[in-house]
Every structure is written in structure tokens, then in C-alpha cells.
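Biologist: Here is a model that I'd like to get to know through a close look at one small part. Could you start there and then follow the chain outwards?

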Amino acid sequence: MLRFLTCGSVDDGKSTLIGRMLYDSKMIFDDQLAAAESESNKYGTTGEKIDMALLVDGLQSEREQGITIDVAYRFFATESRKFIIADTPGHEQYTRNMVTGASTADVAIILIDARKGILTQTRRHSFIVNLLGIEHVIVAINKMDLVDFSQEVYEKIKADYNALADELGIKNRYFIPLSALDGDNVVNKSQHTPWYEEKPLLELLDTMDISKEIKEEDFRFPVQYVNRPNLNFRGFCGTIAAGSVAVGDDITVLPSGKTTKVKSIINAGDITETDREATCKEAYAPMAVTITTTDEVDISRGDMLVHTASLPRVSNALKVMLVWMDEKPMQIGKNYDIKRATSVVNGSFEHINYKIDVNTYKREQLKELGLNDIASCKMVLTRPIAADPYASNRLTGSFIVVDRMTNNTVGAGMIVDVAARESDKAENAIKEYTAAEKALNRYIRENFPEWGCRGV
Ligand SMILES: Nc1nc2c(ncn2[C@@H]2O[C@H](COP(=O)(O)OP(=O)(O)OP(=O)(O)O)[C@@H](O)[C@H]2O)c(=O)[nH]1
């Protein structure tokens with residue numbers, strides 16, 4: 001299974017490319033094709049040719065209805081792989097949709113119109129793709145037919161993008177010269193680009209290695225549900241977010257810090273009509289299991305079970321990267337519901353460290369966050385949670401922000417760093433002060449020592 005997302009500016013040819021892939025991989029039914037053919041004559045923008053974009057028209061009309069989180073998913077398969085495509089609208093205002101589409105993707109295809117080269121949108125999307133930890137970026141240089149399949153144009157865009165990707169630190173990049181409209185280098189290798197020696201797009205997607213480096217991950221089990229059918233049974237259900245667990249392991253319940261041992265692990269998949277008591281000795285991510293413990297410790301929904309030997313930090317003060325998704329600006333100090341894995345905790349943003357200009361990658365100081373803004377903030381919760389940075393675990397390191405009055409999702413974020421609220425030192429590490437704030441602090445400490453002002 002490979003999940004990818006397509007992004008690019010308006011009219012770069014995303015829909016045409018997806019349509020072409022579905023068509024050439026024979027995922028289009030004859031009646032859909034006939035409809036597209038007749039509509040191409042009426043509405044198409046491609047003259048005699050079938051307008052591939054019309055094949056994915058359903059997506060567009062969904063968009064026009066203005067669904068809140070506006071990502072359309074498409075499925076198709078080749079002999080070797082299943083694909084899920086998240087198609088996100090190219091319009092500048094849709095950062096939030098892109099974030100939603102990108103949060104589960106393995107690969108991002110960034111479309112660039114060969115005539116236009118790298119645009120602001122390319123920079124914006126590349127930034128978000130990198131922020132969300134997508135490790136593979138395919139740069140599809142489209143509409144090559146309109147630049148006479150010029151190798152020079154292709155090389156220039158490739159060099160420009162490499163410079164941008166170096167700046168961001170994107171590791172795995174692939175470049176393909178394409179014509180989505182005519183199908184050059186989409187499924188079949190193009191006759192027009194003899195100088196291009198790599199694979200066409202679909203073959204690349206079909207064969208690329210997306211397995212993550214296998215690393216020993218720490219066990220993380222957010223408890224989703226406490227199953228207590230009778231007095232003799234008490235099991236904790238959930239999906240293992242990372243690592244593995246075995247019967248007899250020493251575990252700690254967070255945030256309470258109580259310790260116990262794993263008594264049994266029940267994997268629903270093992271249970272049969274004849275053996276309702278089936279258990280397994282070991283389970284690992286991403287299995288959904290029920291765990292029972294040797295002691296009657298207090299565990300409830302939203303808690304996290306971890307190995308006692310590898311505890312995450314538990315804190316109510318977190319440095320986060322926040323993407324604001326609401327028309328109403330984010331208010332400093334306002335109470336929001338913070339949903340992370342299976343827990344919901346009340347919290348607020350105490351300070352905006354800086355906002356990132358996603359076009360120039362520069363940091364800006366500001367006091368308010370508006371729609372689509374991305375900023376580093378300090379988040380304070382009313383009770384501590386066990387938290388891993390997003391870089392170590394996408395699931396336990398990410399959260400959404402919900403407005404408590406409207407119940408709308410107004411933001412999404414990633415945990416960057418975790419600190420103990422009590423410790424001034426750690427708190428300073430989380431909060432980033434401006435030069436002006438530091439100067440003011442120094443002035444006060446030098447001139448008014450009797451105020452006992454603490455240094456920042
Ligand atoms: N000549 C040429 N035209 C193309 C190519 N790919 C797409 N187009 C045309 O470019 C226009 C925009 O293509 P779309 O696929 O609708 O673009 P999009 O990126 O999906 O646009 P939005 O959905 O509005 O974001 C259409 O007229 C396409 O026919 C290509 O490779 N060559």
C-alpha cells in the first residue's frame with residue numbers, strides 16, 4: 001500500500017495527471033470513459049483529446065460543495081501495489097486541506113508547470129510536505145509538450161528545486177519530465193525524452209522503497225476503551241501506536257505513573273467461535289489489541305501504557321508547530337480542547353514564538369494567528385500528558401485543536417518539544433524570546449534588581 005498526495009498550483013495539471021493514471025492503469029470503466037469523451041467535446045479544454053481531468057470530475061464537484069476539510073481520496077491498484085491518492089486543491093488558501101491530505105501520506109508528488117518553473121506554491125507545499133515528515137518527494141515537471149520536451153528547461157527546474165530542497169532538508173527526491181495530457185512518462189516511457197533515463201511515474205510509484213528505517217521503537221499504547229463486561233475481566237483496548245509489548249513486561253500508566261505488568265494480550269483476530277479466550281504472547285504496532293494487567297490499577301480512556309524502562313516525558317507545557325485552520329484567529333490564552341490520540345485535554349496557547357512565512361521560510365514575530373498560518377507556539381494544558389515529539393511518532397506526536405463552543409476543528413499541530421512546567425529552565429527552553437524582549441529583560445535586571453526579575 002502506498003499513500004501519496006498530489007500538490008501544485010491551480011492548473012498545473014493535477015486532475016489531468018490523476019485521470020491519466022487511472023485511465024492508463026485501466027481503472028476507468030467504459031461508461032465513465034464514454035461520458036468523459038462526450039463531455040470533453042462540450043466542456044473540455046483539450047480540443048480533440050479526451051480531457052483527463054473530467055475523469056476525476058467527481059472530486060471537483062465535491063470541492064464546490066465546500067466540505068469543511070476538503071480532501072478527496074481516490075483508490076487504484078496495479079498488480080504489485082494498492083494506491084490511495086489524496087487530491088488537494090491547489091488554491092493558495094487551502095493550506096489546511098493540504099495538511100490533512102499530507103498527514104498520512106508516504107510520498108508527495110509536487111507538480112510544476114514546465115513553462116512557469118518554481119512558484120510560491122511550490123515553496124509552500126514543499127515546506128508543508130517536509131514539516132509533516134513525508135520522506136519522498138516526486139517533482140513532476142508537467143506540460144513538457146509545451147516547451148518542446150526541452151532537456152534544458154527540465155535541468156533548470158531540477159537545479160532550482162534541488163536548491164530549495166537542500167534548504168529544507170528534503171532527503172529523497174525524484175524528478176520526472178511529464179506530459180499528463182498526452183501521457184508522456186506517466187505510465188509509459190516517452191519517445192520525446194530520450195535524454196531521461198529514469199522510470200516513468202507509475203513505475204516509480206510501483207517500485208519505490210518506502211519502508212522506513214527499522215528502528216527499535218518504544219512501546220506506546222493509547223487506551224481507547226476500558227472493557228469491563230463483568231467483574232472478572234478488565235481489559236484495555238486500543239491500537240499500538242509504536243513498538244511492541246509482551247506478556248510479563250513491566251509497564252507504566254501515564255500520566256499517573258502507576259506501574260504494573262502485562263498479564264495477557266488478546267488479539268481480536270485470533271479469537272474463534274471455539275476459542276473465545278485466545279491470547280497471544282506478543283503484539284506490535286499497528287495491531288489493535290486488548291491488554292490486561294496483573295494489578296487492579298486505575299487506567300482510563302486517554303491514558304497511555306508504556307514500558308517502564310522507556311518512559312516518554314510527561315508534561316503540560318509543550319512546544320508545538322501549529323497550523324491554524326479557522327477563519328477566526330487563534331486567541332492567546334483562550335481555552336480549546338486539545339485532542340491527541342485517544343485523549344482530550346483542555347488547553348491554551350500561551351505564547352507565539354514565531355510565525356513561518358511559508359513562501360520565504362523566514363520567521364516573523366506576531367501576536368495573532370490567522371487562517372492557514374503556521375507558527376511555533378507554546379501550548380499549556382490543564383493536565384499533563386505523556387508526549388513524544390512528532391519526529392519520533394506521527395500518531396502520539398500530533399494533535400488537533402477543537403473550539404469548545406462550536407466543536408469545529410480549528411487547528412492541527414505537531415509536538416516539537418516537551419518540558420516540565422515546574423522547571424524555569426525548561427520553560428525558557430520552550431519559549432523563544434525576541435531580541436526586544438531580551439533587551440527589556442536585561443534592562444530591568446540591571447536597573448531594578450530589587451524587583452527580582454528572572455533572566456530570559
Ligand atoms: N499541454 C498540456 N496541457 C496540460 C497538461 N496537463 C494538464 N494540462 C491542461 O492544463 C489545464 C489544467 O489542468 P487540470 O488537470 O485541470 O489542473 P489542476 O492542477 O487539476 O487544476 P485545479 O484542479 O484547478 O487545481 C487543463 O486545460 C489541462 O488540459 C500537459 O501535460 N500538457
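Between which two strands is the loop that holds Pro 286?

Modeller: Pro 286 sits in the loop between strand S13 (282-284) and strand S14 (288-293). (Strands are DSSP runs of E, at least two residues, and helices are runs of H or I, at least four residues, both numbered from the N terminus.) Before going further, note that this is a predicted model: local features need pLDDT of at least 70, side-chain atom pairs count only at pLDDT 80 or more, and totals for chains, interfaces and linings use all residues. Residues are numbered from 1 along each chain as its sequence is written, and side-chain values use heavy atoms, leaving out hydrogens and water.

Back to the loop. The peptide bond leading from Ala 285 into Pro 286 is cis, with omega near 0 degrees. There's another cis bond to look at, between Leu 254 and Pro 255, where omega is about 15 degrees. Pro 255 is likewise a loop residue, placed between strand S11 (250-254) and strand S12 (258-267). As background, most peptide bonds are trans, and most residues other than glycine have a negative phi.

That second point brings up two asparagines. Asn 185 has a positive phi, near 60 degrees, and is found in the loop between strand S6 (172-177) and helix H7 (201-207). Asn 407 also has a positive phi, about 65 degrees, in the loop between strand S21 (398-402) and strand S22 (409-419). Their surroundings contrast: Asn 185 is buried at a relative accessible area of 0%, whereas Asn 407 counts as exposed at 57%. (Buried means under 20% relative accessible area, exposed over 50%, and partly exposed in between, with a 1.4 Å probe and protein chains only.)

If you leave S14 and head for strand S15 (304-307), the loop on the way holds Ile 299. Ile 299 counts as buried, because its relative accessibility is 2%. Setting aside neighbours within four places in sequence, the contacts of Ile 299 (heavy atoms within 4.5 Å) are Val 223, Val 226, Arg 234, Phe 236, Val 253, Thr 293 and Leu 305. Its C-alpha atom is 11 Å from that of Pro 222, although 77 residues separate the two along the chain.

What about cysteines? The count of disulfides (pairs of cysteine sulfur atoms within 2.5 Å) comes to zero. Take Cys 280: its sulfur has its closest cysteine sulfur in Cys 237, 13 Å off, so the two are too far apart for a bond. Cys 280 is buried, with a relative accessible area of 13%, and Cys 377 is buried too, at 0%.

Now for strand S5 (residues 136-142). Seven of its seven residues are buried, so the strand is largely enclosed by the rest of the structure. His 136, Ile 138, Ala 140 and Asn 142 point one way, while Val 137, Val 139 and Ile 141 point the other. This fits a general pattern: in a regular strand the side chains alternate between the two faces of the sheet. S5 pairs in the parallel sense with strand S4 (residues 107-113) over seven bridges; two strands count as paired if DSSP finds at least two bridges between them. Across that pairing, Ile 109 stands opposite Ile 138. The route from S4 to S5 goes through helix H5 (residues 120-131), making a right-handed β-α-β crossover. (Right-handed means that, with the strands pointing away from the viewer, the path from the first strand over the helix to the second runs clockwise.) S5 also runs parallel to S6, joined by six bridges, with Ala 140 opposite Ile 176. Helix H6 (residues 151-168) joins these two strands in another right-handed β-α-β unit.

Leu 205 ties some of this together. Apart from neighbours within four places in sequence, its contacts include Phe 4, Met 21, Ile 109 and Ile 138. Met 21 belongs to helix H1 (residues 14-24) and is one of its buried residues; ten of the eleven residues in that helix are buried.

Finally, the largest nonpolar core has 67 residues, and Phe 4, Tyr 161 and Leu 205 touch the most other members. Domain 1 (2-207) and domain 3 (314-419) each give this core at least three residues. A separate second core of 22 residues includes Ala 375, Leu 381, Val 401 and Val 418. (A nonpolar core is a set of buried Ala, Val, Leu, Ile, Met, Phe, Trp, Tyr and Cys residues joined through side-chain atoms within 4.5 Å; domain bounds come from an automatic or database domain assignment.)
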